[in-house]
Amino acid sequence: MTNKFNLKNLVYAAFLAAISVVLTRFFSIMLSESLRIGIGEIPLMISGILFGPAIGALTGLVADFVGVMINPQGAFFLGFTLSSIFSGLIPGIIFKYLNLKSNILILISTIIECFFVHMILNSLWLSMMYGTSFIVLSASRTLKEIIRGVITFVILEIYYRKIHEKLKTLINK
């Protein structure tokens, strides 16, 4: 993990933010106002894993602001920006401060990100926006988040095993 706020790292982080915007705004499916299926958080999580919590959080912030400007999907709500920030921050903290095998770190990151950010925070934000019961929203999003969590874990595991070391080497040149 490289924690430096230098131009090269910020450019790579901006690239990950751009990928997140594309995945979130153009390659996700809106089933209803409160249910979107997508994997736009994965680049934010990779940013946290690769660069640490601060740049991971910054990547989430940039991705959300740029995404809202390019293609708003509903009303802007600052809570979702906070969720995006946490999607980059959480894996960054876990990979920086826990000394466990990579697959365990990925599992912990995925579980916390899916449960805390998507099940709790995003359900809370949607409840505040639309006046729908938090419990009803959480229940309706549970199956989607379990499936998304498994997909996220598999993609991050593949990333870590096949790409992470090569990307770190490229960044540290």
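In this predicted model, helix 4 passes helix 5 in a right-handed crossing. The axes of helix 4 and helix 5, the latter made of residues 102-130, come within 9 Å and cross at roughly 165°. An angle over 145 degrees counts as roughly antiparallel, and helix 4 and helix 5 are therefore described as roughly antiparallel to each other. Sorted by class, the contact of helix 4 with helix 5 has 17 nonpolar, 7 polar and 1 charged residues.

Helix 5 also contains phenylalanine 115. This residue has a relative accessibility of 52%, so phenylalanine 115 counts as exposed. Phenylalanine 115 and asparagine 99 are 16 residues apart along the chain, and their C-alpha atoms are separated by 22 Å.

The next pair to consider is helix 3 with helix 4. Helix 3 covers residues 53-70 and helix 4 covers residues 78-97; their axes come within 7 Å and cross at roughly 160°. By the cut-off of 145 degrees, helix 3 and helix 4 are therefore also roughly antiparallel to each other. Their crossing is right-handed. On the side of helix 3, the contact is formed by Pro53, Gly56, Ala57, Gly60, Leu61, Asp64 and Phe65. Across from them, helix 4 contributes Phe80, Thr81, Ser84, Ile85, Gly88, Leu89, Gly92, Ile93 and Lys96. The residues of this contact divide into 8 nonpolar, 6 polar and 2 charged. A simple rule helps in reading such lists: an α-helix has 3.6 residues a turn, so residues three or four places apart point the same way.

Helix 3 itself can be checked with a little arithmetic. At 1.5 Å a residue, the 18 residues of helix 3 should span 26 Å, and the C-alpha atoms at its ends are indeed 26 Å apart, which agrees. Several residues of helix 3 are buried, namely Pro53, Ile55, Gly56, Ala57, Thr59, Gly60, Ala63, Asp64 and Gly67. The partners against which the buried residues of helix 3 pack are helix 1 (7-26), helix 2 (42-51) and helix 4. Valine 62, also found in helix 3, has a relative accessibility of 34%, so this residue counts as partly exposed. The C-alpha atoms of valine 62 and alanine 13 are separated by 9.4 Å, although the two residues are 49 residues apart along the chain.

Helix 4 has a further partner in helix 2. Two packed helices are described by the angle between their axes and the distance between the axes. For helix 2 and helix 4, the angle is about 35° and the axes are 7 Å apart. The crossing of helix 2 and helix 4 is right-handed. Leu44, Met45, Gly48 and Ile49 of helix 2 make this contact with Ser84, Ser87, Gly88, Pro91, Gly92 and Phe95 of helix 4. By class, the contact of helix 2 with helix 4 has 5 nonpolar, 5 polar and no charged residues. Ser84, Gly88 and Gly92 of helix 4 thus appear in the contact with helix 2 and also in the contact with helix 3.

A last look goes to helix 1, where threonine 24 lies. With a relative accessibility of 12%, threonine 24 falls under the 20% cut-off and therefore counts as buried. Leaving aside its neighbours within four places in sequence, threonine 24 is in contact with Arg36, Gly40 and Gln73. Threonine 24 and isoleucine 158 are 134 residues apart along the chain, and their C-alpha atoms are separated by 20 Å.

How values were computed
Residues numbered from 1 in each chain as written. Predicted model: local features only at pLDDT ≥ 70, side-chain atom pairs only at ≥ 80, totals over all residues. Heavy atoms only, no water. Axes fitted to C-alpha atoms, helices over the stretch in contact; angles between N-to-C directions. Helix = DSSP H or I, 4+ residues; strand = E, 2+ residues; numbered from the N terminus. Parallel < 35°, antiparallel > 145°, perpendicular 65-115°, else oblique. Left-handed = near helix turned anticlockwise from the far one by under 90°. Contact = heavy atoms within 4.5 Å. Nonpolar A, V, L, I, M, F, W, Y, C, P; charged D, E, K, R; others polar. Expected span 1.5 Å × (residues − 1). Buried < 20%, exposed > 50% of the residue type's maximum accessible area, 1.4 Å probe, protein only.
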